[in-house]
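User: Please explain the reasoning behind the labels assigned to this structure.

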Amino acid sequence: MLLKRHLIVYQLIPVVGYTDLKNKYDKLDSGISNVILLGCGSMVDLESFLDIDINEHAEPSDEYPNRDGQSFTYPITPETSTDQPYKLNRKIYIIDGHRPWNLDNLFGSQIISCFDDGSAVTELSDEKKAYQVLVSMNDEDEKKDSEGNDNEDDDDDDDEKEEVEELAETENDDDDEDEDDVISSSHKRKREEGNDHDNKRSKKRLLRENEKTIENYYNQGSTISTSSALQVYSLINEIGSINIDFLWLAIVGTTSLVSNHRELYETILPVFKEEVKRLDVRSNTASQSASGSNPAVGSLESSNLINGIDRDTGTYTIHFFIQTMLIQK
């Protein structure tokens, strides 16, 4: 209703599972600029799963300024796609209460934006640091691999050749060149090799620690942290367009949690009750001013709304909502 009110053209596409989501995403017109995923998308790496090429959604301009005031050009590479503010002609928004978050969506994508209740900022600081470290280390490894796999063998051969040449030169040098120089050079080389070995061990330890942090986060198990309907209602409330109709839709959507997530439903329930009371006062005041109608009407409607929330099952409420929408259409 909000989109209709602002004359925004949109299309609702129901999906059943992620395979269906991918099939229908692939059929979207290239001119679609915003894709909103409701109740899905948070737990999978969408860029990989949907085969999204960020180059296909970048505006065909010559240059865009980056954060340092410098510039960059095409193509967009995996090493730069997560840290450059590219101007994109499509954005994907995720409004989904399923957890855990896929950290690639949350921290590693320019094209994907995730709506959260704030827990990602307060509770996932360690996971964010670990994720960024792993991405940085992976980029370094890919850069080394791109330079060729034979470089290490060539370096080893060069080192051996240089060592032989140094020994030969030492034997042919004048008598005034002391053998201590050769011993000092050998010790220096061993120290450098030892430092390289320590650096590799430190890097492996850092890799294991951060991988363990990410693994522990994903191993917590899947759950639902909030209602997607409540998230949408909160967004509408932020822009000041809330009314009793939007509250009703949010309540209907949240009743889907009753059967499998009763505890979460009971946690959200007081929020909606307070909203009903708050909007009831405003609605009654407006009704009395506009038509002088009986104030008991508004109270009765709000009372029925609260009773609908308190039911053990949301079946009646949902059916009533569907019938009402059919009449409106």
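The exchange below takes several labels in turn and sets each value against its criterion.

User: What kind of model is this, and how many salt bridges does the structure hold?

Analyst: This is a predicted model. The structure holds six salt bridges.

User: What makes Asp116 and Arg99 a salt bridge?

Analyst: The criterion is a side-chain nitrogen of Lys or Arg within 4 Å of a carboxyl oxygen of Asp or Glu. In this pair the closest N and O atoms are 3.1 Å apart, so the pair qualifies under that limit. Distant parts of the chain are linked in this way: Asp116 belongs to the loop between strand E6 (112–115) and helix H5 (119–123), and Arg99 to strand E5, 17 residues apart.

User: Why is Arg99 called buried, and why is Asp116 called partly exposed?

Analyst: Buried means under 20% relative accessible area, and partly exposed lies between that value and 50%. Arg99 has 8% and is therefore buried. Asp116 has 26% and is therefore partly exposed.

User: What sets the peptide bond between Arg99 and Pro100 apart?

Analyst: Most peptide bonds are trans. The bond joining Arg99 and Pro100 is cis, with omega at about 15°. Pro100 is located in the loop between strand E5 (98–99) and helix H4 (103–107).

User: How do you know that Glu275 and Arg278 form a salt bridge, and why are they about one helical turn apart?

Analyst: Their N to O distance is 2.8 Å, which satisfies the 4 Å limit and therefore makes the pair a salt bridge. The two residues are separated by about one turn because they stand three residues apart in helix H11 (residues 262–291). Glu275, at 13%, falls under 20% and so counts as buried, whereas Arg278, at 37%, is partly exposed.

User: What is noted about the phi of Leu7, and why is Leu7 called exposed?

Analyst: Most residues other than glycine have a negative phi. Leu7 is not a glycine, yet its phi is positive, about 55°. The relative accessible area of Leu7 is 75%, over the 50% cut-off, so Leu7 is exposed.

User: Which charges make up the positive surface patch, and why is Arg205 called partly exposed?

Analyst: Lys144, Lys200, Arg201, Lys204, Arg205 and Arg208 form the patch. Helix H8 (residues 179–218) contributes the most, with five residues. Arg205 lies in helix H8. At 42%, Arg205 falls between the 20% and 50% limits and is therefore partly exposed.

Technical notes:
Residues numbered from 1 in each chain as written. Predicted model: local features only at pLDDT ≥ 70, side-chain atom pairs only at ≥ 80, totals over all residues. Heavy atoms only, no water. Patch = residues over 30% accessible without salt bridge, like charges linked within 9 Å, V, L, I, M, F, W, Y side chains within 5 Å. Areas by Shrake-Rupley, 256 points an atom, 1.4 Å probe, with all protein chains shown as cover. Lys, Arg positive; Asp, Glu negative; His and termini not counted. Charge placed at Lys NZ, Arg CZ, Asp CG, Glu CD. Helix = DSSP H or I, 4+ residues; strand = E, 2+ residues; numbered from the N terminus. Buried < 20%, exposed > 50% of the residue type's maximum accessible area, 1.4 Å probe, protein only.
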